[in-house]
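Visitor: I'm new to this, so please pick one small part and give me a close look at it. After that, lead me outward from there.

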Amino acid sequence: MANMNLYSRGDRMFVWLNMFLIGVFALSTLYPFIYIAAISLSTGFEARAGNVVLTPVELTFAAYKYILVEPAFWRSYLNTFIYTIGGTLMSLAFIIPGAYALSRPQLYGRRFWNLMVAFTMWFNAGLIPFFLNFRDLGLLDSYFGIIIGFAVNGFNVILMRNFFEGIPQSFEEAARMDGANDFQVLWKVYVPLAKPAIATVALFCIVSRWNGFFWAMVLLQDQDKVPLQVFLRHTIAKLSDDQEFSDTLFTQAYSAETVTAAIIVCSIIPVLLVYPFLQKYFNKGILLGGVKE
Amino acid sequence: MTVENVDKPVETSSFAQPTRVQRIVDHLKREWQIYAMLIPLVIWLLLFLYKPMYGLQIAFKDYSIFRGITASPWIGFEHFHTLFGSEQFVRALRNTFIISFYTLVFGFPMPILLALMFNEVLNQWFRKSTQTIVYLPHFISSVIIAGIVITAFSPSAGIVNTVLGWFGADPIYFLTKPEWFRPIFIGTGIWQEAGFQSIVYLAAIAGVSPTLYESAVVDGASRWQMMWKITIPSILPTILIMLIIRIGNLLEVSFEMIILLYQPATYETADVVNTFIYRQGLQSGQYDFAAAAGLFNAVIAFILVMGANSISKRYSRTSLW
Amino acid sequence: MAGVKLESIVKRYGAVQVVHGINLDVDEKEFVVLVGPSGCGKSTTLRMIAGLEEISDGQLTIDTRVMNRVAPKDRDVAMVFQNYALYPHLNVADNIAFGLRIRKESKDKIAASIKEVSGILGLTDYLDRRPADLSGGQRQRVAMGRAIVRDPKVFLFDEPLSNLDAKLRTQMRAEIKRLHKRLGATSIYVTHDQVEAMTLADRIVVMNDGRIEQLGTPMELFLNPANTFVASFLGSPPMNLVKATLGPGENGPTAHFAGQSMPLAPLDALQNRDGDEVIVGIRPEYVDVATAEDATQVQVNLELVETLGSEALLHATLAGDPFVIKAETQGNAAYLQKVTGFTIKPEMLRVFDAATGHAVPGQDRQAA
Ligand SMILES: Nc1ncnc2c1ncn2[C@@H]1O[C@H](COP(=O)(O)OP(=O)(O)OP(=O)(O)O)[C@@H](O)[C@H]1O
Ligand SMILES: [Mg+2]
């Protein structure tokens, strides 16, 4: 499918139509972000009046000033970093050795252990038992609870295991003949060879940790421990029916809308920064790796 | 030396062999590290996923925090009777199926369409940049997406009402109107996920042999014909598998997003089983009753998933996991 | 250095037995080649020696120590794998040093070993390269280096050359031979290529279906195959096997087939057995070709002459079965087109019992 010059008239029309439709879809994907950015940079009055469409009206950084001096915002930002980094490392610490063991033919009961992982993807006890269990374990309202409680996910284990299974067994055997024990085989041979899969799993973990909201909301009461997403939610909910904001509308340069938009922008920026790296991995269709046994 | 002819079969020997127990001990001595690697994972699974399954028994109990799960008295199917007598639960169940169904009907074809369209784009730069854009919302948290939706649909400031205003329409308070909830929720879902889901189909299209297209070109087929005669039939197995997966996960409505978007005024059309469980259990503390609803949900989901898996195994010889 | 002793070694996978009791005594410094068709259990046997597969029955001794229950790393053996199993993320030097580092050798010793081994194998210029950036032959050498550097008691090779093209294979074969001469290490080498077996081995073990068919020096096996399996397996092209019936002849026992006859050596075991079925083995190299003008013993129908240069392969049929002759061309291939038969000395034939396939006793020739 190389050269459009070789296409017939009808084919060229078809291609242009496709590009047009894709362009429309892409713009409609992009637009809400631009819109939010524009609102965050407009005055509260203009935003409230519905005058912001594409670009900031009466450019101001008031909403950012309002949010950036808020200690709770920074606190939750820091918390999100703690949960994301701690949680991802914890996930890898469970998943890499576990998946390696599951991939070894010499493991007794291998089918059983694999089934034990797969079953959790087909059946889960649901919100209530999970919550009660968390409470019974004394993990409510703790950093450690959030970090360990969501460390493992069957899909990631199986993705990792499949990758290990695809590495020829002779690497393990060669390393064994060289005198390596299982930990050394894993650490010095299989982990370096599994870098793409580890990166993929790590990215899955990072994304889900960064965006994680529901359980953080349910399991954390202490506002000093909540992550950004929960802070965001509280703030959005609070602002939308806060009398103070309506009253100050004409004296302040910000409003509920502009502050909400500013928080949204602040929390998207890190995602946009790592997004190019994500792209590289997801484009390769690695995501398909977990979809077969 | 002389030539030995060692052709006689030797089936057993007189050498003492380790007993079964000794072999197991040898195995553990040699391979204990493998088990040491597995144990944390297994303990985690037991502690965080299997122990709650044991806790599911409260669905059949009169659970009290003070007595704990095991000591609470059994009451049989009482919670289930209450459940099916509850108008709210039946409504939630109906909403779950309706929302899932519409999500499937409108959401499923979209990524396929996108993939087919991407496939026709020759300009690599255009294709790469549009793909980059449409994958993006997948990586944005539901809180942010909900925040955007709330802002965009807000009655005074929202762009949607602004645009409606240009046409002289009165502002609509979208998020408080039950009839608008489902279109907004499902539309948001498509907007967020369709691009990313197209990756699967793009991968399938990339796997189609180029010689098929080349011979079609020689036969004078148009791009439109090639799409219908080559591309679509080639990715049909992938489409079927994805369809089966989606049907298997039919009950998995993204309730997180619903929690973020609904309000009492829209419960009528928005409340699904999981949001029902969340309110009854986690917000009102009726753990046993909510667990019963959860168990019902989990069992139906399990049946759907297993059914889907066995169907896909039969027809494509690839299982989903 | 040390010998390896296999006594009644058996391997079972569940209920299926794939190695049926192997007895083999490999002497110190000996180079033994296991050869046999695909699936006959060569790799399995080798891997049991390495400790990568559990031994189901029998006893394995290396040096003087019984190794059945010893972990691979404590057996002091090194193995070269068919796919080399070079660590792709490590450069050549680190690949070679991997085993030494695991065993916590001192830095100086490791550096010295890398230098020595890379010198021996001609890898000095490639030490910084990753395996992906090496040619097939160089990879093969790194794999050898990784084994050599550990200075093990025993070297094990599992088809180490089968991933190379024909030319490189010949070259590396010579190199392995040279290395073995230099290091004098006990080696067990698996291949299904009988040329490799013939050229490398001090002794060859021919395996079939989980059993040893025959064991001996290359010349012994070539001259005196114990049965038709070995006869048809070794030699290229392999020995021709002609079904015949014993009958009377002028000079003692004679083989009759398809209206022709061939005198056999006057072996005791062939006396008074007229009417018995035998199989006569005829090495393609041992026949003297004849044309219609010459006196011929046995007529064949020549179908095709493949000229290889100094030699030619004559593809013919004898009693309907394919029959191959290897003849010198002596610059006159046209002559070979006219071949109608051959003569052969009775003592160059090898006679097998048709019922058992075993060689008839008493006809062994002395290897020079
Ligand atoms: N894990 C296993 N389970 C069951 N049977 C096995 C297993 N591994 C090998 N076998 C069987 O054991 C027999 C011997 O296998 P082995 O790999 O030793 O053959 P080989 O002589 O090395 O052949 P090749 O020349 O093809 O490498 C084969 O029939 C094979 O199918
Ligand atoms: Mg083999």
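**Starting in a loop of chain C**

Guide: Let's begin with C:P237, which sits in the loop between α8 (228-233) and β11 (240-247) of chain C. The peptide bond that joins C:S236 to C:P237 is cis, with omega at about -5 degrees. The helix and strand labels count DSSP runs from the N terminus: helices are H or I runs of at least four residues, strands are E runs of at least two.

Before we move on, some ground rules. This is a predicted model, where local features need pLDDT of at least 70 and side-chain atom pairs count only at pLDDT 80 or more, while totals for chains, interfaces and linings use all residues. Residues are numbered from 1 along each chain as its sequence is written, chains are lettered from A and ligands numbered from 1 in the order in which they are written, and side-chain values use heavy atoms, leaving out hydrogens and water.

Staying in chain C, look at C:D63, in the loop between β4 and β5. Its phi is near 60 degrees, a positive value in a residue that isn't glycine. C:D76 also has a positive phi, of about 60 degrees, and isn't a glycine. You'll find C:D76 in the loop between β5 and β6 (77-80) of chain C. With a relative accessible area of 28%, C:D76 is partly exposed. (Buried means under 20% relative accessible area and exposed over 50%, with partly exposed in between, using a 1.4 Å probe and protein chains only.)

Now back to C:D63, since there's a salt bridge here: C:K153 pairs with C:D63, and their closest N and O atoms are 3.9 Å apart. C:K153 lies in the loop between α4 (136-148) and β7 (154-158) and C:D63 in the one between β4 (57-62) and β5 (65-66), so the bridge ties together parts of chain C that are 90 residues apart in sequence. C:K153 is partly exposed at 22% relative accessibility, and C:D63 is partly exposed too, at 39%. To count as a salt bridge, a side-chain nitrogen of Lys or Arg must be within 4 Å of a carboxyl oxygen of Asp or Glu. By that rule there are 28 over all chains.

Some salt bridges share partners, and one network made this way joins A:R104, A:E172, A:R176, A:D182 and B:E31. Inside it, the side chains of A:R104 and A:E172 meet at 2.5 Å, N to O. A:R104 is in the loop between α4 (71-103) and α5 (110-122) of chain A and A:E172 is in helix α9 (169-177), so this pair ties together parts 68 residues apart in sequence. A:R104 is buried, and so is A:E172.

The network also crosses to chain B, because A:R176 forms a salt bridge with B:E31, at 3.1 Å between the closest N and O atoms. The count between chain A and chain B is one salt bridge. Yet 101 residues of chain A are in contact (heavy atoms within 4.5 Å) with 96 residues of chain B. Together these two chains bury about 9,200 Å², 77% of it on carbon and sulfur atoms. Buried area is the accessible area (1.4 Å probe) that two parts lose on being put together, summed over both.

One piece of this meeting is helix α1 (9-40) of chain A with helix α7 (142-152) of chain B: their axes come within 11 Å and cross at roughly 70 degrees. That makes them roughly perpendicular, a label for 65 to 115 degrees; under 35 is roughly parallel, over 145 roughly antiparallel, and the rest oblique. Here A:P32, A:F33, A:Y35, A:I36 and A:I39 meet B:I148, B:T151 and B:A152.

Finally, back to chain C: 16 residues of chain A are in contact with 21 residues of chain C. This pair of chains buries about 1,700 Å², 66% of it on carbon and sulfur atoms. A:E173, A:M177 and A:D178 supply 42% of the area that chain A buries there, more than any other three residues. The rule finds two salt bridges across this interface. C:R150 forms one with A:D178, where the closest N and O atoms are 3.4 Å apart.

Key
Axes fitted to C-alpha atoms, helices over the stretch in contact; angles between N-to-C directions.
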